[in-house]
Amino acid sequence: LQQESNGELTGYNIADGKRRPILGKVESFNEDIDADGDTWSVYNLVLEEPGDDDNDGKFRLEIKHTQKYVSGIGSWTSFSGSQQFDIAISGYNSTRE
């Protein structure tokens, strides 16, 4: 993701060496406190590729982050419905101080 403005998201993904633009929105946002007392911001996102390629599709993601960590789960489904992949990410939050 490259930019967020008023809940609208823009960016790109790369699959099989092809860079595809994505556009989407934040469907929901909330905060959750875990057992250690860390506050997680939780975003549910829907992102779509343009649809002008046979392999374009839609992402549904739940991204969670604290000041230190980021994780996410979700899926990508082709617009034709013939392909689907699960997605998982985790790592350190690059905006942490």
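**View 1. Tyr 43 and its aromatic partner, Phe 29.** At 28% relative accessibility, Tyr 43 falls in the partly exposed class, in what is a predicted model. Phe 29 is also partly exposed, and its relative accessible area is 44%. The structure holds three aromatic pairs. One of them brings Phe 29 and Tyr 43 together in a tilted arrangement, with 4.8 Å centre to centre and 45 degrees between the planes. Although the two residues are 14 residues apart, the pair joins strand β3 (residues 18–33), home of Phe 29, to strand β4 (residues 39–48), home of Tyr 43.

**View 2. Tyr 69 with Tyr 92, another tilted pair.** Here the ring centres are 5.4 Å apart and the planes make an angle of 35 degrees. The chain has to come back on itself for this meeting: Tyr 69 belongs to strand β6 and Tyr 92 to strand β7, 23 residues apart. Is each ring buried or exposed? Tyr 69 is partly exposed at 38% relative accessible area, while Tyr 92 reaches 57% and counts as exposed.

**View 3. The sheet, strand by strand.** Seven strands form an open sheet in the order β1-β2-β3-β4-β5-β6-β7, with antiparallel pairing. At its edges lie β1 (3–5) and β7 (84–92), each paired on one side only. From one strand to the next, the twist averages 25 degrees. As a reminder, strands of a sheet pair through backbone hydrogen bonds, either parallel or antiparallel.

**View 4. The hairpin of β2 and β3.** Strand β2 (residues 8–15) runs antiparallel to β3, and eight bridges join them. Two residues lie between the strands, and in this hairpin Asp 16 takes a positive phi near 50 degrees. Across the pairing, Tyr 12 stands opposite Pro 21 in β3. What sits over the ring of Tyr 12? It is the charged end of Arg 19, 3.5 Å from the ring centre.

**View 5. From β3 into β4.** This antiparallel pairing extends over ten bridges. The hairpin has five residues between its strands, and Gly 37 in the turn shows a positive phi of about 85 degrees. Look again for the rings of the opening view: Phe 29 stands opposite Tyr 43 in β4.

**View 6. The last two strands, β6 and β7.** Strand β6 (residues 69–78) and β7 run antiparallel, joined by nine bridges. Within this pairing, Trp 76 stands opposite Phe 85 in β7.

**View 7. Inside the largest nonpolar core.** Which residues make up this core? There are eight in all: Leu 9, Ile 22, Leu 45, Leu 47, Phe 59, Leu 61, Ile 63 and Trp 76. Strands β4 and β5 (57–65) each supply at least two of these residues, and β5 gives the most, with three. In soluble globular proteins, nonpolar side chains tend to be buried together.

**View 8. The surroundings of Ile 63.** Setting aside neighbours within four places in sequence, what does Ile 63 touch? Its contacts are Ser 41, Val 42, Tyr 43, Leu 45, Val 70, Ser 71, Gly 72 and Ile 89. Among them, Leu 45 is a fellow member of the largest nonpolar core.

**View 9. A lysine over a tryptophan.** Lys 64 lies over the face of Trp 40, at 5.7 Å from the ring centre.

Note on methods. Residues are numbered from 1 along each chain as its sequence is written. This is a predicted model: local features need pLDDT of at least 70, side-chain atom pairs count only at pLDDT 80 or more; totals for chains, interfaces and linings use all residues. Side-chain values use heavy atoms; hydrogens and water are left out. Two strands pair if DSSP finds at least two bridges between them. Helices (H or I, at least four residues) and strands (E, at least two) are DSSP runs, numbered from the N terminus. Axes are lines fitted to C-alpha atoms, for helices over the stretch in contact, and angles run from 0 to 180 degrees between N-to-C directions. Rings of Phe, Tyr and Trp (its six-membered ring) pair if their centres lie within 6.5 Å; planes under 30 degrees apart count as stacked, over 60 as edge-to-face and the rest as tilted. Buried means under 20% relative accessible area, exposed over 50%, partly exposed in between (1.4 Å probe, protein chains only). A charge sits over a ring if NZ of Lys or CZ of Arg is within 6 Å of the ring centre and within 35 degrees of the ring normal. A nonpolar core is a set of buried Ala, Val, Leu, Ile, Met, Phe, Trp, Tyr and Cys residues joined through side-chain atoms within 4.5 Å. Contact means heavy atoms within 4.5 Å.
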